[in-house]
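Grab your viewer and a notepad. Here come two short exercises, each with a worked solution.

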Amino acid sequence: MTSAGPRSVLLAGGGTAGHVSPLLALADCLRRRDPSVTVTALGTARGLEARLVPQRGYPLLEVPKVPFPRRPSGDLLRLPANLLRAIAAAEDAVVATGAEVVVGFGGYVSTPAYLAARRRGVPVVVHEQNARPGLANRLGARFAHGVGVTFPGTPLPNATVTGMPLRREIATLDRAARRAEARERFGLTDAPTVLVTGGSLGAQRLNDAFAESVADLSAAGVQVLHVTGTGKAFEAVGASGAPYVVVEYCDRMDLAYAAADLVVARSGANTVCELTAVGLPALYVPLPIGNGEQRLNATTVVGAGGGLLVEDAAVDAAWVRSTVVRLATDPDRLASMAAASASVGERGGDELLADLVVAAAGGR
C-alpha cells in the first residue's frame, strides 16, 4: 500500500458467502500491499463470518443482527431500537479499531456500519456484488467516498466497475496447467467433465435432476463432479461408464474448476464472477425466488456467449440427458464459450477495490 493508504480498515459484511468471500479477498489484498495495515471485520455471531473470518486470521467484532422487515410485523415495531443498538456497536468498533475507512459489502451488518462511520466522519466505501443492489448498499452509496460494483449497469451513483474480489487461488488459476492434478484428486478420467454445484441454497432441483440422470450421463461418456451441499449427498447409482463423483462440500474449488469443461450452477454473483474469471462455460439456472438479481448477474456473460440461461422449471432429467450431454460432448462449442466467458471475466477485482479504499483514505 502507498504511503497514503489507511493504517486501519474496518470491513463490514456477513451472513452469506456472497458477502464474506469478497470481504476476505479484499482483506488479503490489503495485507499483501501492506502487511502492517490493521484489518478488522464486523459481523454477526451466527453468520458464516463467525467461522470463516477467524479461520483466515482476522479479528471479528460483533454487531446485533438487524433484519429489515418488508411487511408489517413485530420486527418492524422493534426496528428503530434494534438499529440504534447495532449502530452503537458498530460505532464502538470504529473507535476501538481506529478505522480510517469503513468498507461495506451489503447485508444486515453494513447498514449500522455505514451509519456509524458517517456519524464518526470516517469515509465509506461500498461494494455491491449483485447487478440489483440491496437496501443497505443503496443507503451507503448515497454518502460513500467510493462505490465499487461487480457488474456494469448496476444502479448505484458514481459507481466504478471493479468486478468481484476473488480468492487468490481462483484469480490466479491456470485451468489447463492444473487439469491433470485436479482430475486425479477427484478420481476423474480424461472424459468430458461437468461440474454441478447448486450450493446450499436452492440446490435441490439441480441435485434431483442429476441424481436421476447418473446412468445416462455415464453411458454417454460424460463424467460428473457433483457438489451437492452439506447433507444432500446421494449414491450415484448406475455409473457403469464414465465416473460420477458426489461430494457434499469442496474446499478446493480452484481444482474443481480446473477439472471441469462445463459447469451447471445457480447464478449467484460470486459464482458468475469466478466462472468468468477462470474462463469456464456454464449453464446458469437462476433461483426463481428473490428480486431477480441472479438472472441479471448472468446477463453479461450470457450476452457474450459464455453461458446459457436456463429456467429453473426446465431443469429435469430429460433436460440433463439432452442439453447437458449434447453440450458437454461438443468440444468446439465449449472452446468458443470458454473464450467468451473469459472475455468478460475480471481477475483483479480485489486490487481495483483496494484502490478505492486507498483513494477514500487519501480524501479523508
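What follows is a pair of exercises on a helix contact and on a strand with its neighbours.

This is a predicted model, with local features needing pLDDT of at least 70, side-chain atom pairs counting only at pLDDT 80 or more, and totals for chains, interfaces and linings using all residues. Residues are numbered from 1 along each chain as its sequence is written, and side-chain values use heavy atoms, leaving out hydrogens and water.

**Exercise 1.** Work out how helices α1 and α16 cross, and which residues meet.

*Step 1.* Take α1 (residues 17-33) and α16 (residues 349-362): their axes come within 9 Å and cross at roughly 70 degrees.

*Step 2.* Classify the angle: α1 and α16 are therefore roughly perpendicular (65 to 115 degrees).

*Step 3.* List contacts (heavy atoms within 4.5 Å). On the α1 side, A25, L26, C29, L30, R32 and R33 take part, meeting D350, E351, L353, A354, D355, V357 and V358 of α16.

*Step 4.* Sort by class: this contact has eight nonpolar, no polar and five charged residues.

**Exercise 2.** Place strand β4 (residues 101-104) among its neighbours and check its two faces.

*Step 1.* Start with β1 (residues 8-12), which runs parallel to β4 and is joined to it by four bridges; L11 has V103 as its bridge partner.

*Step 2.* Now β5 (residues 124-128): it pairs with β4 in the parallel sense over three bridges, and V102 is partnered by V124.

*Step 3.* Trace the chain from β4 through helix α4 (residues 110-120) to β5; this β-α-β crossover is right-handed (clockwise from the first strand over the helix to the second, with the strands pointing away from the viewer).

*Step 4.* Check the faces: V101 and V103 on one side, V102 and G104 on the other, are all buried (under 20% relative accessible area, 1.4 Å probe, protein chains only).

Terms used:
Axes fitted to C-alpha atoms, helices over the stretch in contact; angles between N-to-C directions. Parallel < 35°, antiparallel > 145°, perpendicular 65-115°, else oblique. Nonpolar A, V, L, I, M, F, W, Y, C, P; charged D, E, K, R; others polar. Buried < 20%, exposed > 50% of the residue type's maximum accessible area, 1.4 Å probe, protein only. Pairing = 2+ DSSP bridges.
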